[in-house]
Amino acid sequence: MSHPIVVTVICDGNRPDFVSEETTPHMARLRKAGTWFADHRGIFPSATRASSASIATGCWPVSHGLRGNMVGLPVAGGHELHDAGRPEFFDTYRNHFGRLLLRPSLSARVAELHGALLCSNVSPGAAWFHDADAHAELYHRELSYRPGRVPLLPPIDAPAGAVGDAVLTEKFISILLERPPSVATLWLSEPDKTMHAFPLGSPQHLAALRAVDNHVGAVAEAVARLRDRGHDVLLMVGSDHGHESVTEVVPVERRLFEAGFKTELESPDLVVACQGSSAFIHFGDDALNRRDEVADWLGQQSWAGRIIRGEDLAALGQIPAADVLAVDMAKSPGSNCNGIPGLTVMAVRFSEDEDAVRRDCGMHGGLGRYETNPTLMIVGNGFAAGQVVTTESRIIDLAPTALHHLGLPQDGLDGIALDGGNFG
């Protein structure tokens, strides 16, 4: 029996200006076949793990609770940093807070219908926080499971990058056609993985875009087959954030130590949770008394852009805290070596050796024009062919749009359902 379906493909890190007839013909065709959202916006930080939670829940980080890619958790004397992408972080986070996300995911909301399918080739954390309470059928190289986190064996061999993207696309289409769920999400690791390793606009970047575009085309063909069977399918193709090119790499925590704000280089009293092209600075113990002084000092550094005090973070959809400073690394006009606009400084904790390998390559996490502008096109009922929406949309609007298509309640959401232009 036919039923409404929402199919979403996330091409991690893709920028709207990378969608073209020449390089991404399938996406260019879908852009014309449906509605293109020209002013689509991500979250702060514009980083994958918290963005995954925001796409899944339809909420800002202040509502779902996951701050960013790197998370500082309190310990004696200050804070300890944890990578939210690592498999062990899932239990660490739950043990610390006594819960996972504060808002339900889309997979939880459709559990009583035809369920949810998630094939994800990004970090384990980004995959698992997309389905925090294990209501989906999930496929990932670290853990595949049925609802209830019942393991699916054997493990799927899908390494991050082009090879794994191809494996998971094939798996995704096979399940989608064999037993269509209510919600199906394919999260590809490219072009993000290649953009971090090679300059934006390079032959390697363009090749990654073409490969991703072929996967999008294959999913679009599967959607057409489902529609032929009578299913009302809404197809959303987008990304979680954009990218900017790195101008320099700054070891922020080392610079704070050298300036006398830390007692020891790796002491917990002041730690920097780097988010790519932004960072959260956590203050503990006596260091909290130096927060305003640090903010003033940062304002004098050429590599620091906007400085946001923790109590002001809620205005950016982030979790407010009196013991935090956020710094958006400095942006500059101009283009990289391949003429791609959008330049940013990158933050690291200690390393002095990343400039040469990172320069002109992609980075994200801050508030720059391009890193906060992901892609979104929607094809299906209510989204007219060739329509271009210039009103701002956000990644937190994807979940409510899906719920609207499925005829489900939209309670407890920060986002709103998109309808091809008549929103906001």
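The following exchange between a student and a tutor works through helix packing, sheets and single residues in a predicted model.

Student: Before we start, which pLDDT do local features need, and what is left out of the side-chain values?

Tutor: Residues are numbered from 1 along each chain as its sequence is written, and side-chain values use heavy atoms, with hydrogens and water left out. As this is a predicted model, side-chain atom pairs count only at pLDDT 80 or more, totals for chains, interfaces and linings use all residues, and local features need pLDDT of at least 70.

Student: How is helix H7 oriented against helix H9: roughly parallel or roughly antiparallel?

Tutor: Helices here are DSSP runs of H or I with at least four residues, strands are runs of E with at least two, and both are numbered from the N terminus. Axes are lines fitted to C-alpha atoms, for helices over the stretch in contact, with angles from 0 to 180 degrees between N-to-C directions, and on that basis H7 (residues 162-178) and H9 (residues 203-228) pack at about 5 degrees with their axes 10 Å apart. Angles under 35 degrees count as roughly parallel, over 145 as roughly antiparallel, 65 to 115 as roughly perpendicular and the rest as oblique. The angle therefore makes H7, relative to H9, roughly parallel.

Student: How many nonpolar residues does the contact of H7 with H9 have?

Tutor: Contact means heavy atoms within 4.5 Å, and the H7 side includes Phe172, Ile173 and Leu176, while the H9 side includes Ala218, Val219 and Ala222. Ala, Val, Leu, Ile, Met, Phe, Trp, Tyr, Cys and Pro count as nonpolar, Asp, Glu, Lys and Arg as charged, and the others, Gly among them, as polar. Beside two polar and two charged residues, the nonpolar residues in the contact of H7 with H9 number nine.

Student: What span should the 17 residues of H7 have?

Tutor: The expected span of a helix is 1.5 Å times one less than its number of residues. The end C-alpha atoms of H7 are 24 Å apart, which agrees with the expected span of 24 Å.

Student: Which helix is among the elements that cover the buried residues of H7?

Tutor: Buried means under 20% relative accessible area, exposed over 50% and partly exposed in between, using a 1.4 Å probe and protein chains only, and the buried residues of H7 include Leu168, Phe172 and Ile175. Their cover includes strand S1 (5-11), strand S6 (116-120), strand S7 (137-139) and strand S10 (183-188), together with helix H9.

Student: What does the angle of helix H1 make it, relative to H9?

Tutor: H1 (residues 25-33) and H9 pack at an angle of about 50 degrees, with their axes 7 Å apart. That angle makes H1, relative to H9, oblique.

Student: Where is Ala218, and is it buried or partly exposed?

Tutor: Ala218 is found in helix H9, and its C-alpha atom is separated by 9.0 Å from that of His26, 192 residues apart along the chain. Because its relative accessibility is 27%, Ala218 counts as partly exposed.

Student: Which strands are the edge strands of the open sheet S17-S18-S12-S19?

Tutor: Two strands pair if DSSP finds at least two bridges between them, and the four strands of this open sheet have mixed pairing. Strand S12 (residues 244-251) and S19 pair in the antiparallel sense over two bridges, with Ser245 opposite Gly362, whereas three bridges join S17 to strand S18 (residues 341-348), also antiparallel. Each edge strand pairs on one side only, and these are S17 (331-335) and S19 (362-363).

Student: Which helix packs on the sheet S13-S14-S16-S15?

Tutor: This open sheet of four strands has antiparallel pairing, and five bridges join strand S14 (residues 278-283) to S16, where Ala279 stands opposite Val327. Touching S13, S14, S15 and S16, and making about 155 degrees with the direction of S15, the helix is H11 (residues 291-298).

Student: What relative accessible area does Val379 have?

Tutor: Val379 lies in strand S20 (residues 376-379) and, not counting residues up to four places away in sequence, touches residues including Leu30, Arg227 and Leu235. Val379 is buried, and its relative accessible area is 10%.
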